[in-house]
Amino acid sequence: MKTSAEILGLPVISITEGRELGMSKTLLIDAKNGAVAAITIEDDDWYRGVKLIPFESVIAVGADAITITNSENILTLEDAVDFENLLDENVRIIGTKAITKAGTIQGSVSEIYVGDDGKVVQCEISDPQGNFLDNISAEQISIFGKQVTVIDSGSVTATASPAMPATEAPAAPAFEAAPTFAETPAAEPSAESVPEPAPETPAVPDMSTAEPTEEPTPESVAEPAAETPAEAPAPEPAAAPETAEDPAEKAAAKATEDRHRRFLLNKKASRRITTDTGVVIVEAGGDITEEVLQKAKLANKIIELSMNVQ
C-alpha cells in the first residue's frame, strides 16, 4: 500500500530496455470503481500532449522508481481512448470535502492510500488547518466525487466519541487543585515546625508576630501558573519545517506552469474548451492568449487545453 505522495515524482523505468521513460505526475482516478486507472507521466516530449501508463501495466511501485515492462506500455492521448472520459471527469479525491450522508462535514481528504491492485484502500481526513483527524476505509466511502467525498454516517460517532473524554479529562484535576489552596492557609500550626528550622532561631521570634508571611504563598502559586503559559508556545516552532517545504513545492509548480504556458501560447485550440459550469474558455480554432491561459488555469483546465491544440 502506497500513498499518492510515494507514487508521484518517481522515475518510470523500462526493465527490458534499461532506460528511464519519464516521471510520474498525476493519478488518473476511476471514481466509479474507487481505483487508480492510470498514472500520467511527463517526459522530454511533454509538450506533445499527455502520456499515461495504465495501472495494470505497472510491475511495481518501489521506493525509488516505478517499473514497467517496456516503453510500449506508455499510451499517448490518441491511443488512450478508454481513458478519455476519466480525463474529462478529472476526479482527484485529494482536496475534496469529506461529508457524511447525514450532511456533516468531517474535514477534507488530504491523502489517499493505494493498494498493489490500484484500489483506493483508505483516505486520510484532515481539518482546515491540515491537522490529521482520522483515516476512513474504502468500505466507509459511498461516492468519490469531484468536489465531495461521501462517507457513511456511522463514522460520525467514531470521530466524535474519542473527543468527549478528552474534554472531560482536564476538568477532574481542576477540582483537586482547589483543596490545595485551602490546605496551605490551614497549615498555620507553624509552631510545631519551629524545632525544624533550628538554625534560623533568631528569625523565628521576629517573624512569629508577623504571621501574614503566609500570604505570599498564594503568590507563589500564581507564579508557576504564569510559567505554564510561557511553556505553551514552545511547540509552535515545530511548524517551521513544514513552511520550509512550501517554497520548493511552489517553485516546482511554477516551473511546470511556465512550460505549459510557453508551449500553449499563440497556438490554436482544436475544440471548444469550457469550465465545469459551461463557461467558454476558448472556441474551437481560437487563439490561445494569456487571457485564455489564465481562464484555463483558474478552471483547472490547463491539461485539457494542452491536449487539444493545433
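**Helix α9, the open sheet and two nonpolar cores**

Good morning. I begin with helix α9, in which V292, L293 and A296 are buried. These residues cover an arc of only 100 degrees around the axis, which puts them on the same side of α9. On the other side of α9, E291 and L298 are exposed. I should say at once that the model is a predicted one.

Let me stay with L293, which lies in α9, the helix formed by residues 290-298. Why is L293 classed as buried? Its relative accessibility is 7%, and the cut-off for a buried residue is under 20%, so L293 counts as buried. Which residues does L293 contact, once its neighbours within four places in sequence are set aside? They are R261, L264, L265, I288, I302 and L305. For one of these contacts, L264, I can add a distance: the C-alpha atoms of L293 and L264 are 8.1 Å apart, although 29 residues separate the two along the chain. Just after the helix ends, N300 adopts a positive phi of about 60 degrees.

I turn now to the sheet. Seven strands form an open sheet with mixed pairing, and their order is β6-β7-β2-β3-β4-β5-β8. At its edges are β6, residues 58-61, and β8, residues 75-76, each of which pairs on one side only. As a general reminder, the strands of a sheet pair through backbone hydrogen bonds, either parallel or antiparallel. Within this sheet, β4 (residues 35-42) and β5 (residues 51-54) run antiparallel and are joined by four bridges. In that pair, I41 stands opposite K51 of β5.

Next, the nonpolar cores. The largest contains 30 residues, and those with the most contacts inside it are I66, I93, I112 and C123. Which elements give two or more residues to this core? They are β3 (19-30), β4, β6, β7 (66-68), β10 (105-114), β11 (120-126) and β13 (141-144). Take I66 as an example: beyond its neighbours within four places in sequence, I66 is in contact with I7, L10, P11, V12, I13, S24, I39, V58, A60 and V61.

There is also a second, separate core, made of 13 residues, and this brings us back to our starting point, since L293 is one of its members. Others included in this second core are A269, I281 and A299.

To close, L293 may be described in two ways: it is one of the buried residues of α9, and it belongs to the second core. Thank you for your attention.

Terms used. Residues numbered from 1 in each chain as written. Predicted model: local features only at pLDDT ≥ 70, side-chain atom pairs only at ≥ 80, totals over all residues. Heavy atoms only, no water. Buried < 20%, exposed > 50% of the residue type's maximum accessible area, 1.4 Å probe, protein only. Contact = heavy atoms within 4.5 Å. Arc of directions from axis to C-beta. Pairing = 2+ DSSP bridges. Core = buried A, V, L, I, M, F, W, Y, C linked by side-chain atoms within 4.5 Å.
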